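Biologist: I am new to this structure and would like a close look at a single part. Please choose one pocket and describe its lining, then follow the lining into the strands beyond.

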Amino acid sequence: MSQHDPARPARSRRRTGVGLLAAAVLAGTATAGPAAAVGTLPAPDAVAAAAEAAAITDSSPRPTSPGFRVLPYLMEPSAESVDVVWFSETGTPGTLVVDYPDQGQESLTLTSTPEHQPLLGYTRAELDQEISGLEQGSWLKGAGNYKHRVRIPGLSPGAEISYTVDQGPDTHEASFTAAPGDDWEELRIVAFSDTETEPYGRMEHREWELSPANGYTEDSLQRPGEGSAWDQKFGHATRYGSFTLNYPLDQDTALKENLKHIEAAEPDLMMVAGDLAQGAGYQPAWDEFFGYFAGEHGDLASRVPLLTALGNWETFAALNGGYGTAEDQSPAVVSRNKYHAYFERTGEGADPENPQYRGSYYRTDHGPVTILTLDSTNGVPDEDTATGELSGPVFSGDDTNLTGENLSTDTQGMFTMETYTQAFKDLFPGSTDEDVDLPNLNEGTAQWAWAQEQLADAREKDQVVLVQFHHAGYSNGVHGTPPNHEHPDNQSGVAMRAYTPMFEEYGVSAVISGHDEMFERSWVDEDGDGEGFHSFDVGVAADGLRGEQLAADEDGVYEPIRFNTSSEWMAAADEPETWVERDGVLQLEDGGLHYGHLQLDLKHVGDSTEVTMTPVYVFPQLDSEYNLVGTERRVYDDVVTFTVDRDGTEAPATEDFSDNPDGSQYYAPVRWMQEQGITTGYADGTYGKFRDISRGESLAFLYRYRDGAPGAGEDFSDVTADSSFYDAITWAVENGVATGYGDGTFRSGGEVTRAEFVSFLHRASGAEAAGEGTDFPDVDPDSSHAEAIAWAAARGVVTGYEDGTFRPHAPIHRAEVAVVLHQFDQSDQSDQSDETGQSAAE
């Protein structure tokens, strides 16, 4: 259930933004040029040719404004400098005046060099567009688009900086805090995704899915039905063949309210994990986006840097051709390059060896945090469910059946690397394959090598590492299954799981994504060592409010697929709604899926960093006629806190697991496992006592208990050197502890029964069989596990149940594994003590 969030004490730093003010003059100025651009960019005449080819015009029903088109926003923040970017509708240079009140420096005046951006003009289709409910063209701005980018130099860590930008008759004032140094105390980051802005969002109410498995609390009334006052006011949709209410906030109101609560939290950084606009090739969508962040509705981006990632909508041109076609992929190329015009990275955080990608992937260091932004929009080999072009065989079930052989390689089936490359060269005359701005995500690519290099460097510098990209690799949403699944998706993020071993190796703390619009958290620990990372889908900024991916069973009943077995929490499924009758109408009291964001708070504690991740949602309050009264900031019941040690990894637990307090059942064996380093539990502070254990996890426990060394390796089709539990599996096979299956697989994610685990332990111990059978009536003396069970019973390692049975085929959970291992250790220590005593007597 959700809980109301108490008022937060005021922080020591306060940022205030000032809107459009009268012109101001600051004394003591010096001049400097604009920030230097780095990268392989299409030449101006090539961009102009591209605009002409895409039928982009320099016309608009609105007169040209001499002032701001987009207010100043911050880019590429560091402790030494930050870039300020703004847009105007004329080519008049602007002036940036910087004040350094904390540093004792004189103010500095910098003059911009405007750069015409013909790709940002309106198309004829945009000029002619009609949107029901809005006056035709009322959402359009002037025709011109000129980019101004100026770097503010000379910052000191943590310094408060004020600046003023004059553009024609307009003046904008703002302030920000430079990135902290080593003496930082607290840091706050807000993450969200899927703003998906567009003019139609001013009146669109999106579908509001309800979980078929856990929709309501026990005492809740049912949602308003078809024809209700709610339905008449907000409308409804059809999802999985069923009536589904629309949400009470339109997308415009949702984003305004979300940003209002974000601004009140006073973040230091904002992470936006893709799908910023409802089609990057659709210029009115960008006009809407900046209206919220650096425009008529607010200027938060003038004071808090935006760290943005490319999403699938960043390659979509909406009414200007969508993703394009195999014959003409230019809409996707135009879309990406419009994104670059706004968010191109030119500093040290980008990949200097591959400037053609224009910062599609980049690094940001902010005090103790390193944030890697990756580009998840394309992979190779290309995959497409429509054509049947798949990288691996089709399979069913959940992700325990996902192997190295059938892991997907691509995140979208809308275009191929070949067709995009050809369209890029056609659109920008004179360009070559080496100039193409689309990086791939896979191993062996430039992005992969760069990410590994940055992670290794961040780990060496003891940073807390966060990673963001758009397509969630771990999700139970509509994009949660790969294209080669029996329930396929053509824009799945599963291919991004290829990075999981790398993220685990270098101690990534959290991965932030969107795309599925679920608000879901997964705990990823593929190697089973108790250390891993949290994976979030935070796609609840202002667009869809989706539930889990469902599939019809043989009776036609839709049930959740739940492909993602790493899922720990989903707002759509784990926060049931409570409806009550108030003032004669049904009102939502609590629970449910809502718009919101993830708040990450970092606190400096000794030599470590305490990280708290808080899922925040914006709860609408309605009157008896369903008019919006206001919104309330609430917090879902999935707040996670953990500590990151100086080596960049989660610190070993020094306190009891939260689900294993002193005096509780299984306390002693679980605590012993913790103290021996056999397990560190999960990052949320739990051990997971009653979770079933897999083959790979059980062998990892034994591997650590026996201080094993990796074996020579085996040719299992589903186990490679990058696979989870590789070292433990090769040790187990080489030492005869476990074997694979007849089909050449090992099935590390498969279930382990009580009998199987005892057999694993028996073989790992190297002990001889007990000889006689057991007194358990349900243990077949001819079974392959009978001797191991007899051995374990004779040593007192297992005792069975009160009814005299052993239940050999029942799954074994993690608490039982701890008991068995602990009892074996005690009996082994006793044997060694007896042998020592006998030797001394002789």
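Modeller: A word on classes comes first: Ala, Val, Leu, Ile, Met, Phe, Trp, Tyr, Cys and Pro count as nonpolar, Asp, Glu, Lys and Arg as charged, and the others, Gly among them, as polar. The model is predicted, so local features need pLDDT of at least 70 and side-chain atom pairs count only at pLDDT 80 or more, while totals for chains, interfaces and linings use all residues. Residues are numbered from 1 along each chain as its sequence is written, and side-chain values use heavy atoms, with hydrogens and water left out.

Rolling a probe the size of a water molecule over the atoms shows where empty space is left. A pocket is an open set of points on a 1 Å grid over the protein atoms alone, where a 1.4 Å probe fits and protein lies on both sides within 12 Å along at least five of seven lines. Its lining residues have an atom within 4 Å of a point. Points are joined across faces, edges and corners, and the volume is the space filled by probe spheres set on them.

The part chosen here is the second largest pocket, with a volume of about 1000 Å³. It is lined by 41 residues, and those closest to its centre are Arg363, Asp365, His366, Gly367 and Gln463. Sorted by class, the lining holds 15 charged, 14 polar and 12 nonpolar residues.

Helices (H or I, at least four residues) and strands (E, at least two) are DSSP runs, numbered from the N terminus. At least two lining residues come from each of strand E18 (362–366), helix H8 (446–460) and strand E30 (608–622). The largest share is that of E18, which gives 4 residues.

E18 leads on to a sheet. Two strands pair if DSSP finds at least two bridges between them. The sheet is open and has 7 strands, in the order E18-E19-E20-E21-E23-E22-E26, and its pairing is mixed. E18 and strand E26 (567–570) are the edge strands; each has a single partner strand, so one side of each is left without a neighbour in the sheet. On average, neighbouring strands are turned by 20° against each other, direction ignored; the axes are lines fitted to C-alpha atoms, and angles otherwise run from 0 to 180 degrees between N-to-C directions.

One pair in this sheet can serve as an example. Strand E22 (residues 520–524) and strand E23 (residues 533–537) run antiparallel and are joined by 5 bridges. Arginine 521 has phenylalanine 536 in E23 as its bridge partner.
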